[in-house]
Amino acid sequence: MAAIDVRVEASHYRRDGDVYVCGLCPHGCRIRPGEYGRCGSRRGDEDMLVAYSYGKVSSLCVDPVEKKPLYHWKPRSKCFSVGGIGCNMRCRHCQNYAISHLSSGKKRTTFERPEELVELCRRENQTVIAFTYNEPMIWHEYILDVMREGPELQCILVTNGLVNGEPLREMCRVANAMNVDVKGFTEEFYMDVCGAHLEDVLESLKTIHGEDVHLELTYLVIPGYNDSDDEIGGFCRWVRDELSPDVPVHFTRFHPDNKMMDVPWTPVETVLRCRSIGIGAGLRYVYVGNTLDEEAGSTYCPVCGKRVVDRLGYLVDASGLDGTSCIGCGTALNFVC
Ligand code: SF4
Ligand code: SF4
């Protein structure tokens, strides 16, 4: 681990007089020299806008891809998970606020050059690298450089989807799979709880779906905030109509955290209800998360009904798959194996 820092110029910005205008995400921050963007990942210097969080690593861990969660991408494989600092949303329930919400300079990090991070990944004998924990889209330059250093690696991004089209398409060129958090399905929820616009995220989902990237969605269900039948139904129909009924959707239980300690855990029945709404809307792969439920966590062939992947937590048995097809009836399923 290098103890030093480097100054890397940010991409996707322009100068407007003595102000830098960041074009990485829809916030479009106007940053003066000495200031940081809203996400903490960009700093204005006298001569350029700097990708301030470049190489600043806050977390490293090897874990199952199912934990991201990705259920349809290389089941049972492991990934080298890496977190940085900062985020362009301000979710009141954020579990990772220690790395995502403070001004970036205050969090203890190690500096890893792209080649050093790739070397760490190889040393762990991992061939998949996942950028997760905080928001990876604001680590744009660093992730592109890491993937350039390790072209044999496969790349997962776990993201909130708040990013502009051009940088997103650049990320799609290096990413193999993404899990996007859909926080809710009303503009009010996005603005009040997360500090972002729903429409911007939906736009990103359409872009990702149109690229060669495996996509899964996670919807954290918060009691009384984003769990009505109308909202869940609207979300599921949107996925079906604007993306595909084959996109896997994970309804996950909320637990009290950060600034939402007064909200209770999501009842298990609520996420099961959400799953039923999704299936009723025609989605083919709908799961529940943060609860052990073998039936609702497993994958069934949408044609013959055979259980093709059995899951209980991170215990996964994919013996019902023949490649990416159902072993029972031979139907090709939306899996990457
Ligand atoms: S990436 Fe960060 S600095 Fe750039 S517009 Fe978004 S929040 Fe602002
Ligand atoms: S998008 Fe994720 S990392 Fe960012 S504030 Fe929200 S929950 Fe935290």
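Which residue in β13 is the bridge partner of D181? The legends below describe close-up views of a predicted model, and the view of β12 and β13 gives the answer.

**View 1. Parallel pairing of strands β12 and β13**. Strand β12 covers residues 177-181 and strand β13 covers residues 214-221. The two strands run in the parallel sense and are paired over five bridges. T218 in β13 is the bridge partner of D181.

**View 2. The open sheet of eight strands**. The strand order is β7-β8-β10-β11-β12-β13-β14-β15, and the pairing is mixed. β7 (59-64) and β15 (286-289) stand at the edges. Each of these two has a single partner strand, so one side of β7 and one side of β15 are left without a neighbour in the sheet. With direction ignored, neighbouring strands of this sheet are turned by 20° against each other on average.

**View 3. The cis peptide bond between K68 and P69**. Most peptide bonds are trans. The bond from K68 to P69 is cis, and its omega is near -5°. P69 is placed in the loop between β7 and β8, the latter being residues 78-83.

**View 4. Contact of helices α4 and α6**. Two packed helices are described by the distance between their axes and by the angle between them. Here helix α4 (residues 165-174) and helix α6 (residues 198-209) have axes that come within 10 Å and cross at roughly 35°. The crossing of α4 past α6 is right-handed. On the α4 side, the contact involves G165, L168, R169 and C172. These residues meet S204, T207 and I208 on the α6 side. By class, the residues of this contact divide into three nonpolar, three polar and one charged.

**View 5. The hairpin of β1 and β2, with the segment before β1**. Strand β1 (residues 13-16) and strand β2 (residues 19-22) run antiparallel and are joined by four bridges. Within this pairing, R14 has V21 in β2 as its bridge partner. Two residues lie between the strands of the hairpin. G17, in the turn, has a positive phi of about 65°. H12 is found in the segment before β1. Most residues other than glycine have a negative phi. H12 is not a glycine, yet its phi is positive, near 60°.

**View 6. The surroundings of ligand 1**. There are 13 residues around ligand 1. Those that come nearest are C22, C25, C29, G37 and C39. The shell consists of six nonpolar, five polar and two charged residues.

**View 7. The surroundings of ligand 2**. Four cysteines, C87, C91, C94 and C194, are among the residues around ligand 2. The others around ligand 2 are M89, R90, N96, S100, N134, E135 and N160. By class, this shell has five nonpolar, four polar and two charged residues.

**View 8. Where domain 1 meets domain 2**. The chain is divided into domain 1 (13-51), domain 2 (56-297) and domain 3 (300-337). Taken over C-alpha atoms, the centres of domain 1 and domain 2 are separated by 25 Å. In the contact between them, 11 residues belong to domain 1 and 18 residues to domain 2. The side of domain 1 that touches domain 2 has six nonpolar, four polar and one charged residues.

**View 9. The open sheet of three strands**. The order is β16-β17-β18, with antiparallel pairing. β16 (299-300) and β18 (315-317) are the edge strands, and each pairs on one side only. β16 is joined by two bridges to strand β17 (residues 307-312), and these strands run antiparallel. The bridge partner of Y300 in β17 is R307.

Technical notes: Residues numbered from 1 in each chain as written. Chains lettered and ligands numbered in written order. Predicted model: local features only at pLDDT ≥ 70, side-chain atom pairs only at ≥ 80, totals over all residues. Near = placed C-beta within 6 Å. Nonpolar A, V, L, I, M, F, W, Y, C, P; charged D, E, K, R; others polar. Domains from an automatic or database assignment. Contact = placed C-beta atoms within 7 Å. Pairing = 2+ DSSP bridges. Axes fitted to C-alpha atoms, helices over the stretch in contact; angles between N-to-C directions. Left-handed = near helix turned anticlockwise from the far one by under 90°.
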